[in-house]
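Biologist: Before I trust any of these labels, I'd like to hear the reasoning behind them. Can we go through a few?

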Amino acid sequence: MGNRKLEIGNNPAWYALRRTLPPWRFEENLQELIECAPRYGVDEVIVVVDTEEFTHGQPLLGWIKRYMPMLQRAADELRRAGIVYSLNPWITVGHCDRARDDRKTLPGLQTMIGDNGVQTTCCACPLDSVWRNHTEKIWTMYAKTRPHVVWVEDDIRTFNHEPIQYGCFCPIHMTRFSKIVGRKVTREQLLTAVLAPGRPHPWRKAWLDMQRDAMNETVAFLTQAIHRVSPQTCMGVMSSHPRNHVMDGRDWKSFCDALAGGRPLYSRPPMGNYSEGPLRGFYYSHDSIKITRACCPAGTVEQTEVEKVPFTRYANSSVFTFLEMAVSFAYGCQGVTMNLFDHVGTPMEEDASVGRMLGGSKPFLNALAAAAQKSGAYRGVRLLHRDRSAYVKRLPKGNLRYGALGEEGAEMGTILESLGVATTYEADLAGVTAVSGQSALRACTDDEIRQMLAGGMYLDAVAAGVLVERGFGKEIGLSSIAPPVCIDDIEPLSAEEFHSATFGGREMAYMTLTLPDLMGRPSMSIVKPARGAQVVSHMVDPDRRRRYVGMTAYENSLGGRVVVHALALGTTVGGVIGEAFFSPLRQRQILAVMNWLSRGRLPLVTTGDGVYPLAFRKDCGDTTLLGMFNLSLDPWPAVQFDLADSRPVASMKVLHPNGKWAASPRLKASRKGGIVTIGYEESVSFDQPLLIGVTWKR
């Protein structure tokens with residue numbers, strides 16, 4: 001998956017710059033672009049049309065007609081300069097209103113209506129014939145410029161269309177839904193059914209199916225508008241996180257097939273981090289790449305969205321932007337789409353440091369990308385995502401918004417990666433699956449669950465509750481489990497005592513229950529272990545008395561191993577993810593249970609005198625690419641990688657900032673009991689990731 005080579009060019013680290021050429025500074029901006037692109041290492045320019053601050057919302061037909069000669073000239077001159085030309089219409093149905101009212105310029109336009117009844121003035125219903133007729137005219141003109149790729153924006157979704165959060169519940173949608181169920185249905189009636197507590201109401205499936213079909217129909221319409229004029233143009237899509245797209249009922253296979261139209265599909269997973277915050281934001285970025293890749297068809301070309309808002313170093317430093325690009329290529333993407341300069345006509349060279357960073361980083365990123373794009377597999381503990389999560393998720397009683405249908409589970413990846421355990425969305429040879437939350441598990445069949453239980457499983461309280469409900473209590477080592485509640489609704493509880501010597505704990509080794517931070521308190525379930533289950537930890541009161549089981553470990557009749565954490569790790573039920581959850585003791589606990597679950601065969605564990613690693617392992621036949629990003633401002637004095645592998649190491653090389661791979665006396669390898677340990681005895685700072693190429697003896 002994700003190994004299709006770009007059909008053009010030779011640079012493994014493909015730079016696609018998103019750039020607006022506004023009519024009032026078109027000549028200056030175009031000439032600067034042609035002059036600077038080679039120096040910046042830019043391979044492709046994605047011209048963005050009717051953009052950002054100066055967007056008209058739904059593009060004005062007259063404005064586009066006047067702009068078309070400029071767009072055609074940009075396409076021609078870029079090609080003559082050896083730069084690939086692509087196109088990015090700024091909106092598809094629309095991101096936000098911002099005081100624009102397109103119902104005045106497009107009479108009869110049906111705009112979106114949110115779950116709360118608020119109607120947008122600019123964001124169009126994708127089923128509306130007025131919007132489709134208007135869009136077809138404009139996209140037909142766009143297609144005449146013969147772009148390499150036309151990008152569909154991430155407004156192809158049913159959420160986040162300011163000023164509404166969730167839509168569309170307009171008359172067109174409600175009429176179509178009413179025909180499906182055979183009776184007239186109001187928005188209020190639909191939402192009451194879709195958000196009903198407990199077992200999902202049948203209308204939820206009907207609604208999500210309709211949403212899925214509507215979006216597939218919409219992207220097929222857009223592709224046909226382009227391909228009627230330019231059949232060789234590829235289509236690309238920026239997506240939101242797949243755990244959000246479950247609210248659309250998105251079936252990724254049919255969606256991607258409809259959009260691709262028989263050509264290679266381009267995917268733009270968002271890296272997030274639009275303004276610089278903690279380096280730990282890259283846990284989201286790398287997860288966005290991995291989970292979107294797992295959803296898309298094999299052969300999809302991946303070009304991440306590297307963006308800062310606003311578009312200056314005041315938002316993101318050049319170092320931070322470089323790291324976004326390095327994460328993209330380390331995780332096997334073929335390119336980056338870069339939204340780094342403003343869209344109001346300011347020359348790029350007014351912030352010349354950005355161009356210097358792009359050009360200066362190209363050799364390193366080319367070498368990294370060439371290694372990471374080799375055919376192979378990223379290894380790690382398996383995380384779960386299911387497209388159909390929203391179909392089966394069970395909601396609590398309460399006044400819920402539509403967003404309650406989103407899929408939980410992202411927190412599990414953050415926990416494991418932060419503590420040095422690599423993760424993947426593919427089934428791994430180690431056979432360990434880690435699950436938090438309910439919805440992905442509910443979307444699995446009994447046979448899928450049995451297969452996971454025959455390996456290793458790490459479950460939070462919510463996930464364990466689902467398996468007990470479905471009759472798998474015996475296989476996970478629990479006699480009973482109560483629904484999770486805030487610990488303050490149970491009794492005064494102070495800490496989790498990690499006391500099991502078998503798993504590396506000790507008496508009076510405490511971890512705080514002030515989670516996720518100073519102002520938070522988590523939820524937990526009261527569990528009763530089955531006979532034969534080991535108790536790894538307890539929750540204790542202010543007098544250090546053990547009151548409730550905190551973690552259990554169990555070997556089941558299927559030959560598998562299961563660890564249940566009584567805490568609800570996810571964000572939807574009093575989650576724990578925050579700095580307070582992590583500690584050296586927590587790392588010891590999680591590494592021990594993961595090692596036990598895998599029977600000592602974890603694909604990759606990264607340790608050292610540092611915190612917050614983001615590490616990966618990609619096996620490519622006789623070679624392995626290892627990498628570690630230090631997501632802390634403190635340097636790691638040294639790094640140790642432990643890999644489950646029985647092969648002896650033939651050679652090792654480190655990738656240097658100049659893009660050269662070279663052997664290093666700082667690299668040491670040893671092998672013991674099926675574990676290869678690779679140590680790097682040199683400081684690793686946050687601004688320069690560590691990449692190691694390992695060659696194995698045959």
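Biologist: Which residue in S34 is the bridge partner of Ala 669?
Modeller: Ile 678 in S34 is the partner of Ala 669. Keep in mind that this is a predicted model: local features need pLDDT of at least 70, side-chain atom pairs count only at pLDDT 80 or more, while totals for chains, interfaces and linings use all residues. Residues are numbered from 1 along each chain as its sequence is written, and side-chain values use heavy atoms, with hydrogens and water left out.

Biologist: What makes S33 and S34 a pair?
Modeller: Two strands pair if DSSP finds at least two bridges between them, and strand S33 (residues 667-672) shares six with S34, in the antiparallel sense. So they qualify under that rule. Strands here are DSSP runs of E, at least two residues, and helices are runs of H or I, at least four, both numbered from the N terminus. The S33-S34 hairpin has two residues between the strands, and its Gly 673 takes a positive phi near 55 degrees.

Biologist: And what does S34 pair with besides S33? How many bridges join S30 to S34?
Modeller: Six again: strand S30 (residues 639-644) runs antiparallel to S34 (residues 675-680). Gln 640 stands opposite Gly 679 there.

Biologist: Why are residues of H9 called buried?
Modeller: Buried means under 20% relative accessible area (exposed is over 50%, partly exposed in between; 1.4 Å probe, protein chains only). In helix H9 (residues 252-260), Trp 252, Phe 255, Cys 256, Leu 259 and Ala 260 are buried, so each falls under the 20% mark.

Biologist: How do you know that they are on the same side of H9?
Modeller: They cover an arc of only 125 degrees around the axis, which puts them on the same side. The arc is taken from the directions from the helix axis to the C-beta atoms.

Biologist: Why is H7 called roughly parallel to H9?
Modeller: Their packing angle is about 20 degrees, with the axes 7 Å apart. Angles under 35 degrees count as roughly parallel, over 145 as roughly antiparallel, 65 to 115 as roughly perpendicular and the rest as oblique, so H7 is roughly parallel to H9. The axes are lines fitted to C-alpha atoms, for helices over the stretch in contact, and angles run from 0 to 180 degrees between N-to-C directions.

Biologist: Which residues make the contact?
Modeller: Contact means heavy atoms within 4.5 Å. Met 215, Val 219 and His 227 are among those of H7, and Phe 255 and Leu 259 are among those of H9.
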